[in-house]
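Please work through the following exercises with the sequence and the model side by side, trying each task before reading its solution.

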Amino acid sequence: MLHVMNAACRVAALSVSAILSLPAAAQATHGDGKLHIAVIDVAGGQSTLFVSPTGQSLLVDAGWPGNNYRDADRIAAAAKDLGLSRIDTVLLTHYHTDHAGGVPQLVERMPVGTFIDHGVRDVRDAESTSDYDNYLKVLATSKYKRISVKAGDTLPAEGFDGTVLAAAGKVLHDPLPGVGAGPNPLCGKAPAVLNDTEENGDSIALVLRFAGLTIEDGGDLTLDRERLLVCPANKVGKIDLMIVSHHGVDWSSSPVWIDSLAPRVAVMDNGSNKGGSTSVIDTIKASPRLQALYQLHPAPPSSYKNPGGTEQGGPEHNTAAEFIANGAGVDGKRVEITVNPDGSMDVKNQGTGQAKHFAKP
Ligand SMILES: [Zn+2]
């Protein structure tokens, strides 16, 4: 195809290059001293955008490929609403299509600085082959820095105080700073679970700290690795905000994991036809410190089975309607969290418009 650049195109190209040449901090207009988090609806995948108190951005996962840029456009809209014109760091928890598949479309919609990942893909997982290859093609353009992390690393994302809990099948060796390592009494009732040797088990899990609070995002980390993080001793400690692992599928989020971390607020990135397993919803709702569980969608109907045949129990298990962002003709709405410097949190359900304040514990 012949490419002829007319005057309008040249102006557009100039303005794009002018934006790209600005330092990152100058472009992120937020940087208001608060930590902002947008849990974006990518229909049962993950894409969670964090903006640091000093204005740097970290996107955990890029959603799905295809769908005519649906997920890239939702990410771009969330970024714009948070005052961003680029994303400094994209962290891929793992290479499954609902997390890494959206990378090629994302980089067409938004300038990106650095990619963080867990390293080489597990070749036993054929499901992730094409999305990993497409990610490598994006990296091969040499426009981006790539950092592969391991468990225990300080999160290499400027502006964030974070630690990698798990990556590439390995978990944190020592407890997080300030977390005691005594025996965890919850472990006695925890059932043994099989090792997941494929991509989900390689998922990055991380914590971020701000204002004395701990925020946890486990990607799709599976039951076996969760158990290693909290048994026989809880190396993570209690947390304030949980992005529920694996969209609420019951291959993650065992009772010992949920009750050991004891989140005060949990956000589940389930889709209308994925995740939201009955046992996971019930476990989180019954967790000892829980003040609110948000869901991006109502759990799938009882006729639906998650991968592995997970039972779905129907609408009576859902969190209260005011904490569900989408459904009944509403789609693509986010759950937005602001962590304030005083340790309080404000959570807004973009679907209902309702906001709720959570005081510092
Ligand atoms: Zn997933």
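**Exercise 1: the metal site**

In sequence, the donor residues of the zinc ion follow the spacing D-H-x120-D-x26-H, where donors are N, O and S atoms within 2.8 Å of the metal (3.2 Å for Na, K and Ca), and water is not among the atoms, so sites may look incomplete. The model is predicted, so local features need pLDDT of at least 70 and side-chain atom pairs pLDDT 80 or more, whereas totals for chains, interfaces and linings use all residues. Residues are numbered from 1 along each chain as its sequence is written, and side-chain values use heavy atoms, without hydrogens and water.

Task: Identify the residues that coordinate the zinc ion, and state where His 99 and Asp 220 lie.

Solution: Begin with the donor atoms, which are Asp 98 (OD), His 99 (NE2), Asp 220 (OD) and His 247 (NE2), at 2.1 Å. Next, place the pair in the chain: His 99 belongs to helix α4 (residues 97–100), while Asp 220 sits in the loop between β10 (213–217) and α7 (223–230), 121 residues apart; helices (H or I, at least four residues) and strands (E, at least two) are DSSP runs, numbered from the N terminus. Finally, both His 99 and Asp 220 are buried, that is, under 20% relative accessible area, with exposed over 50% and partly exposed in between (1.4 Å probe, protein chains only).

**Exercise 2: strand β3**

Task: Find the bridge partners of Leu 58.

Solution: Start with strand β2 (residues 48–51), which runs antiparallel to β3 and is joined to it by four bridges, Phe 50 being partnered with Leu 58. Then turn to strand β4 (residues 87–91), which pairs with β3 in the parallel sense over three bridges, and there Thr 89 is the bridge partner of Leu 58; two strands pair if DSSP finds at least two bridges between them.
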